[in-house]
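Please look over the sequence and the model below before reading on. The questions after it are meant for someone meeting this structure for the first time.

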Amino acid sequence: MFPNVDLAMDILCLLGGLMLILLGANYLTDGASSLAKKLKVSDLVIGLTVVAFGTSAPELAVSISSALKGSADISIGNVVGSNIFNTLMIVGCTAFFAPIILTKNTLLKEIPLCILASIALLAICNDRMLDNQHADIVGRADGILLLLLFTIFMVYTFSIAKQSVNEEVETVKQIPLWLSFIYIIGGLAALVFGGNIFVDGATGIARSLGVSESVIGLTLVAGGTSLPELATSVVAALKKNPEMAIGNVVGSNLFNIFLVLGVSASISPLHLIGISNFDLGSLVLACILLWFFGVFYKTRTITRIEGTVLVVCYVAYTILLIIMS
């Protein structure tokens with residue numbers, strides 16, 4: 001009866017849910033990091049696991065909530081859109097502050113692994129083209145396969161951590177044990193509740209404005225849930241440690257595909273309706289472009305000019321997405 005009031009409430013739900021998600025991710029990461037430190041887990045392992053999970057926690061909360069509510073396009077669009085945003089916008093913006101120097105390991109192993117993960121996602125989302133099925137579905141079997149790949153990735157991560165145990169990493173803030181548990185439980189609660197109302201707000205806005213859920217998931221939801229990665233990367237650049245941005249982006253991208261989408265599809269099969277090969281192909285090309293810039297001139301550096309190109313590519317993708325919808 002009062003569409004403007006409904007739209008305003010949806011926007012409030014969207015913003016309120018996003019705030020809860022970001023706060024929940026922050027407190028969950030702080031609590032888990034402090035607990036891991038007390039258990040004598042190295043700072044490097046914490047950075048490669050707990051912090052990476054923390055920055056991907058918003059995507060996990062939103063995607064699971066979307067899967068349970070039957071909004072598959074938001075669930076998949078969130079993952080695809082977040083990874084495109086991470087690869088193009090976050091790396092590009094970080095390069096504005098300081099050129100990003102890549103390690104050989106990142107250039108030869110981690111970014112190629114990110115490319116392969118994106119190609120794997122493209123393959124499992126094309127049942128009609130590859131298997132002559134009646135619909136494109138990321139089923140439970142696909143979800144379990146993604147979770148198994150996530151396990152392999154974690155084994156690789158821990159093996160790298162053992163090899164690099166003497167590397168200098170950022171110190172984890174220590175808090176009392178009881179407070180760590182409160183942070184973890186409270187952070188998880190905020191993620192779950194925030195994820196629910198965020199999805200409700202996003203779907204309400206999509207319906208009110210006549211915009212498809214896939215576009216909302218690929219842009220608004222994806223950008224919102226990628227704020228932790230953006231904040232982490234920009235802070236790293238401001239602290240004159242911009243190479244951390246690549247590790248943050250690549251790690252989050254792999255978490256999003258293997259863990260977030262794996263868990264979501266295992267809970268409820270995801271039917272693709274609005275997510276197209278244009279979106280999935282854009283993700284693959286974005287990862288390849290990032291790798292190409294890393295090997296260009298053999299300097300293993302993402303320069304400010306290359307960062308500008310990445311940002312322009314994201315803006316162009318977003319405009320084309322809106323036009324095509």
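The questions and answers below deal with a predicted model, and they take up ring pairs, helices and the surface in turn.

Q: How many aromatic pairs does the structure hold?
A: In this predicted model, rings of Phe, Tyr and Trp pair if their centres lie within 6.5 Å. Counted in this way, the aromatic pairs of the structure number seven.

Q: Is the pair formed by the rings of Y27 and Y183 stacked or edge-to-face?
A: The ring centres of Y27 and Y183 are 4.8 Å apart, and their planes stand at 70°. Planes under 30 degrees apart count as stacked, whereas planes over 60 degrees apart count as edge-to-face. The angle of 70° therefore makes the pair of Y27 and Y183 edge-to-face.

Q: Which helices hold Y27 and Y183, and how many residues apart are they?
A: This pair links distant parts of the chain, since Y27 belongs to helix α1 (residues 3-38) and Y183 to helix α7 (residues 177-209). Along the sequence, Y27 in α1 and Y183 in α7 are separated by 156 residues.

Q: Which residue of this pair, Y27 or Y183, is buried?
A: Buried means under 20% relative accessible area. Y27 has a relative accessibility of 36% and so counts as partly exposed. With a relative accessible area of 18%, the buried residue is Y183.

Q: Are F153 and F255, whose rings also pair, buried or exposed?
A: The rings of F153 and F255 have centres 6.1 Å apart and planes at 90°, so this pair is edge-to-face. The pair joins helix α6 (residues 140-163), where F153 lies, to helix α10 (residues 243-267), where F255 lies. F153 has a relative accessibility of 8% and F255 has one of 2%, and because buried means under 20%, F153 and F255 both count as buried.

Q: What span should the 19 residues of helix α11 have?
A: Helix α11 covers residues 277-295, and a rise of 1.5 Å a residue is expected. The expected span is 1.5 Å times one less than the number of residues. The end C-alpha atoms of α11 are 27 Å apart, which agrees with the expected span of 27 Å.

Q: Which helix holds I319, one of the residues that make a nonpolar surface patch?
A: The patch, of about 500 Å², is made by V315, I319, L320, I323 and M324. I319 has a relative accessible area of 48% and is therefore partly exposed. The helix in which I319 lies spans residues 304-324 and is α12.

Key. Residues numbered from 1 in each chain as written. Predicted model: local features only at pLDDT ≥ 70, side-chain atom pairs only at ≥ 80, totals over all residues. Heavy atoms only, no water. Phe/Tyr/Trp six-rings, centres within 6.5 Å; stacked < 30°, edge-to-face > 60°. Helix = DSSP H or I, 4+ residues; strand = E, 2+ residues; numbered from the N terminus. Buried < 20%, exposed > 50% of the residue type's maximum accessible area, 1.4 Å probe, protein only. Patch = residues over 30% accessible without salt bridge, like charges linked within 9 Å, V, L, I, M, F, W, Y side chains within 5 Å. Areas by Shrake-Rupley, 256 points an atom, 1.4 Å probe, with all protein chains shown as cover. Salt bridge = Lys/Arg side-chain N within 4 Å of Asp/Glu carboxyl O.
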